[in-house]
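Visitor: Please choose one part of this structure and give it a close look. Then follow on to other parts, so that I can see how each one is placed.

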Amino acid sequence: MYYSIRHVTRFRYSQPISESMMEVRMQPRTEGPQRCLQFHLAVKPKARVMVYRDFLGNHVHHFGVPGAHRDLSVIAEALVEVRGENEWPSALSPGDWDELDRLAREGDYWEALAPSTFAQPTPALLSLAAEFDAVRRDDPLTLLKELNARMFETFDYVPQATKVDSPIDEALRSRHGVCQDFAHISISLLRHLRVPARYVSGYLYHRRQDHDRSAEGATHAWVEALLPSLGWVGFDPTNNLMAGSRHIRTAIGRDYADVPPTKGVYKGVAESALAVVVRVSPSDAAPPSEELPMPAGEHWSSPAAEPDSGGADHHQQQQQQQQ
């Protein structure tokens with residue numbers, strides 16, 4: 001299956017700002033059944049874009065805009081091939097818990113087991129683990145599929161219910177959130193079970209017949225867990241799915257803090273608003289090279305930063321949440 005992806009991010013500032021610096025993690029990974037065949041990143045105002053790979057193999061494009069500007073646009077286009085559908089067994093062996101411990105002990109998986117910025121074993125998380133009877137039982141795959149389904153049944157998907165930096169306790173209290181919250185809670189549960197788990201940032205191709213809960217026109221997030229004989233297996237608690245050919249991976253990390261699609265700062269005294277539009281469609285050709293207009297009905301978020309009453313230039317963070 002070939003997918004054409006277009007990801008448009010636009011920042012708008014209430015007053016001219018003097019400088020922007022930004023990192024972008026939008027290039028799909030090439031590994032396993034997925035290949036990124038083409039990728040192009042355009043920035044307005046024009047900027048020199050450089051790229052490197054981080055410690056987890058994610059492509060990181062970064063740039064600076066040194067002149068005064070009131071708008072910043074980042075347009076990423078990609079052509080990706082995802083070959084075949086994963087065929088997972090219905091269950092593993094109960095003895096695979098011991099094999100999982102051996103893998104974790106002998107491999108370099110400590111970062112996928114330790115608490116991280118957004119995946120913490122809080123009292124509310126431990127209470128949920130007790131509610132779900134999240135203890136080692138049955139076999140690893142059966143239990144993880146059950147927990148994936150319990151997350152889907154227990155938590156409501158509500159777009160913009162939380163913020164980009166919300167701790168998991170907000171979603172745990174309200175029992176609703178977005179895919180970013182679902183992924184962080186699931187990762188915390190899996191690490192509580194001593195199952196290596198990591199965060200996946202990417203895209204989901206939506207088909208009408210699938211009735212996906214997650215928002216179309218936005219990035220997506222899910223979880224990967226290390227399982228004996230299977231390797232890293234994807235679980236999508238937002239939609240109660242095991243990750244398959246509709247899931248397109250761009251970056252992996254300990255949690256969202258490692259892999260935000262955009263992460264940057266700007267210098268100036270201004271409020272900022274963010275608009276994001278994502279389009280994922282089947283394709284047998286490269287994505288269009290010409291710039292397309294922002295689709296009708298674009299949504300600009302509430303101001304992401306408040307102006308400094310002192311009136312001096314200062315640095316403001318700017319990131320986009322995964323819905």
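Guide: Ser-283 sits in the loop that runs between β15 (272–282) and β16 (315–319); helices (H or I, at least four residues) and strands (E, at least two) are DSSP runs counted from the N terminus. This is a predicted model, in which local features need pLDDT of at least 70 and side-chain atom pairs count only at pLDDT 80 or more, while totals for chains, interfaces and linings use all residues. Numbering starts from 1 along each chain as its sequence is written, and side-chain values use heavy atoms, with hydrogens and water left out.

With a relative accessibility of 18%, Ser-283 counts as buried (under 20% relative accessible area; exposed is over 50% and partly exposed lies in between, with a 1.4 Å probe and protein chains only). Setting aside residues up to four places away in sequence, Ser-283 is in contact with Tyr-2, Tyr-3, Ser-4 and Leu-79, where contact means heavy atoms within 4.5 Å.

A second loop residue to look at is Phe-118, placed between α1 (96–106) and α2 (123–131). Phe-118 has a relative accessible area of 12% and is therefore buried. Apart from neighbours within four places in sequence, Phe-118 touches Val-164, Asp-165, Ser-166, Ile-168, His-184, Asp-255, Tyr-256 and Ala-257. Of these partners, His-184 lies 66 residues away along the chain from Phe-118, yet the two C-alpha atoms are 6.3 Å apart.

The loop with Phe-118 leads to α2. In this helix, Leu-125, Leu-128 and Ala-129 are buried. They lie on the same side of α2 because they cover an arc of only 105 degrees around the axis, the arc being that of the directions from the helix axis to the C-beta atoms. An α-helix has 3.6 residues a turn, so residues three or four places apart point the same way. The buried residues of α2 pack against three other helices, namely α3 (140–154), α4 (168–174) and α5 (179–192). Pro-123 and Ala-130, on the other side of α2, are exposed. After α2 comes Asp-133, which has a positive phi, near 50 degrees.

Among the strands, β5 (residues 59–65) can be taken next. Of the 7 residues in β5, 5 are buried, so the strand is mostly covered. Strand β2 (residues 19–24) runs antiparallel to β5 and is joined to it by 5 bridges; two strands pair if DSSP finds at least two bridges between them. Within this pairing, Ser-20 has Val-65 in β5 as its bridge partner. Strand β4 (residues 50–53) is also antiparallel to β5, with 4 bridges joining them. There, His-62 in β5 stands opposite Met-50. β4 and β5 form a hairpin with 5 residues between the strands, and in this hairpin Gly-57 takes a positive phi near 85 degrees.

As for the whole protein chain, its secondary structure comes to 5 helices and 16 strands. The chain has 323 residues, and 51% of them count as buried. Of the contacts between residues at least 6 apart in sequence, 78% join residues at least 24 apart.
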